[in-house]
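Visitor: I'd like to go through this one slowly, asking how each label was earned. Can you show me the structure?

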Amino acid sequence: MTRTDAPDDHAPPGADEPGLRKIIHVDMDAFFASVEQRDNPDLKGKPVAVGGSGGRGVVAAASYEARVFGVRSAMPSVTASRLCPDLIFVRPRFDAYKEASRQIRRVFEHYTPVIEPLSLDEAYLDVTEDRLGIGSATRIATLIRQEIRAKTRLTASAGVSYNKFLAKLASDQNKPDGLCVIRPGQGAQFVAGLPIRRFHGVGPKAESRMQALGIATGADLAAKDIAFLRQHFGSMADYLFRAARGIDLRPVAAHRVRKSVGGERTFSEDIGSGAALRETLGNIVDIVWDRIEAAGARGRTVTLKLKFTDFQIITRAASSPDVVASKEAFARIARALLEAELPLRGPIRLMGLTLSALEGAESAKPARDTAQLRLL
């Protein structure tokens with residue numbers, strides 16, 4: 001059942017005021033797991049995890065039935081199995097996911113050429129120019145979701161607003177299979193009521209620091225001036241200041257080339273032992289290589305990123321004369337980079353891996369160096 005904060009057939013008052021951009025963020029619901037449930041009726045209604053089930057396995061995606069038990073993407077498979085003993089593991093089928101993604105992309109292109117894909121299952125659309133004369137961004141979002149369902153038998157959630165930050169928040173609001181509209185003038189009010197963890201980039205550690213400073217919601221954040229935020233959050237301060245007010249001036253970037261594929265893991269507890277670091281690196285290799293496969297990317301440079309508890313960041317990179325064409329080669333380079341730094345001078349709170357100097361990635365995809373994998 002579709003849930004919406006605005007009527008499907010008519011734009012809410014003020015939603016299409018002249019001069020404002022009209023942005024839709026579309027996010028497929030549990031995409032990899034939903035494709036598996038669609039293609040295998042025996043999985044319908046059951047808790048499903050896409051990923052490896054072994055001791056070093058990682059959950060790449062979880063169905064909503066699995067999420068009820070606390071299973072989340074980027075979670076070690078052993079943890080997921082402990083939370084949900086009946087969890088069914090399915091190996092990833094990236095060809096199937098890419099084919100579904102191509103179908104979804106064709107739906108988007110029917111309504112606008114201004115598309116910024118973030119991954120196989122997520123994209124921003126700028127529909128300010130209503131080239132089909134539909135009449136409202138809300139109606140366009142509704143038609144897109146209906147067409148995706150008809151052509152792929154998958155559900156999508158969408159957010160509609162006047163900037164990317166708000167559209168992204170809105171698409172998360174009524175998941176799964178939901179639609180939310182944040183109208184002009186309502187952005188700051190909407191953000192004010194959100195818990196701070198809903199802000200992109202705010203992981204468990206940052207949330208804990210904010211809580212200690214009396215910041216639990218968007219309203220609390222908006223009450224802090226820029227000097228306070230810069231004192232406590234450094235380079236992140238300007239983003240937090242604008243986000244707390246619902247401000248985002250970034251355009252939908254339709255033709256930026258992806259420069260790298262990667263992932264980072266921020267830990268709930270700092271780690272420093274060699275054994276723990278090696279195990280964590282193995283998990284990140286699994287996650288990032290899945291993303292590399294999904295993007296159809298091959299690159300030559302592997303970069304290891306470490307953030308210490310004092311927030312100092314170091315990066316170490318190694319380049320191969322040939323493309324890194326296998327997970328084993330990627331893991332081997334990553335392990336060599338880590339071993340060269342051991343023992344560390346102290347514990348770390350974040351580790352990341354990136355593959356860059358890409359060849360063969362889809363040129364329409366945006367530059368997005370890494371995605372945060374924040375595990376509670």
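What follows is a short exchange on how some of the labels in this model come about.

Guide: One thing up front: this is a predicted model.

Visitor: Why is Glu 122 called buried?

Guide: Its relative accessible area is 11%. Buried means under 20%, so Glu 122 earns the word. It is found in strand S7, residues 122–126.

Visitor: What makes Glu 122 an "active site" residue here?

Guide: That label comes from the record: UniProt lists Glu 122 for "active site" in an unreviewed entry. Such annotations may be inferred rather than shown by experiment.

Visitor: Which residues does Glu 122 contact, leaving aside neighbours within four places in sequence?

Guide: They are His 25, Val 26, Asp 27, Pro 117 and Lys 168. Contact takes heavy atoms within 4.5 Å.

Visitor: Now Asp 248: is it buried or exposed?

Guide: Asp 248 has 10% relative accessibility. The cut-off for buried is under 20%, so Asp 248 counts as buried. Its place is in the loop between helix H11 (237–243) and strand S10 (260–271).

Visitor: How do you know that the side chain of Asp 248 and the backbone nitrogen of Phe 165 lie within polar-contact range?

Guide: The backbone nitrogen of Phe 165 lies 2.9 Å from a polar atom of that side chain. A polar contact needs N or O atoms within 3.5 Å, so the distance fits. Not counting residues up to four places away in sequence, Asp 248 touches Arg 21, Asn 163 and Lys 164 as well as Phe 165.

Visitor: What makes S4 and S5 edge strands?

Guide: Each pairs on one side only. The open sheet runs in the order S4-S3-S5, with mixed pairing; strand S4 covers 59–62 and strand S5 covers 88–90. From one strand to the next, the twist averages 30 degrees.

Visitor: How do you know that S3 and S5 pair?

Guide: Pairing takes at least two bridges, and strand S3 (residues 48–51) shares three with S5, in the parallel sense, so they qualify. Ala 49 stands opposite Phe 89 in S5. Helix H1, residues 31–39, lies across S3, S4 and S5, at about 115 degrees to S3.

Visitor: Which residues have the most contacts inside the largest nonpolar core?

Guide: Ile 24, Phe 31 and Ile 144, in a core of 35 residues. The elements giving two or more residues to this core include H1, S7 and helix H4 (94–111). H4 gives the largest share, eight residues.

Definitions and conventions
Residues numbered from 1 in each chain as written. Predicted model: local features only at pLDDT ≥ 70, side-chain atom pairs only at ≥ 80, totals over all residues. Heavy atoms only, no water. Helix = DSSP H or I, 4+ residues; strand = E, 2+ residues; numbered from the N terminus. Axes fitted to C-alpha atoms, helices over the stretch in contact; angles between N-to-C directions. Buried < 20%, exposed > 50% of the residue type's maximum accessible area, 1.4 Å probe, protein only. Polar contact = N/O pair within 3.5 Å; in protein donor to acceptor, adjacent residues only side chain to side chain. Core = buried A, V, L, I, M, F, W, Y, C linked by side-chain atoms within 4.5 Å.
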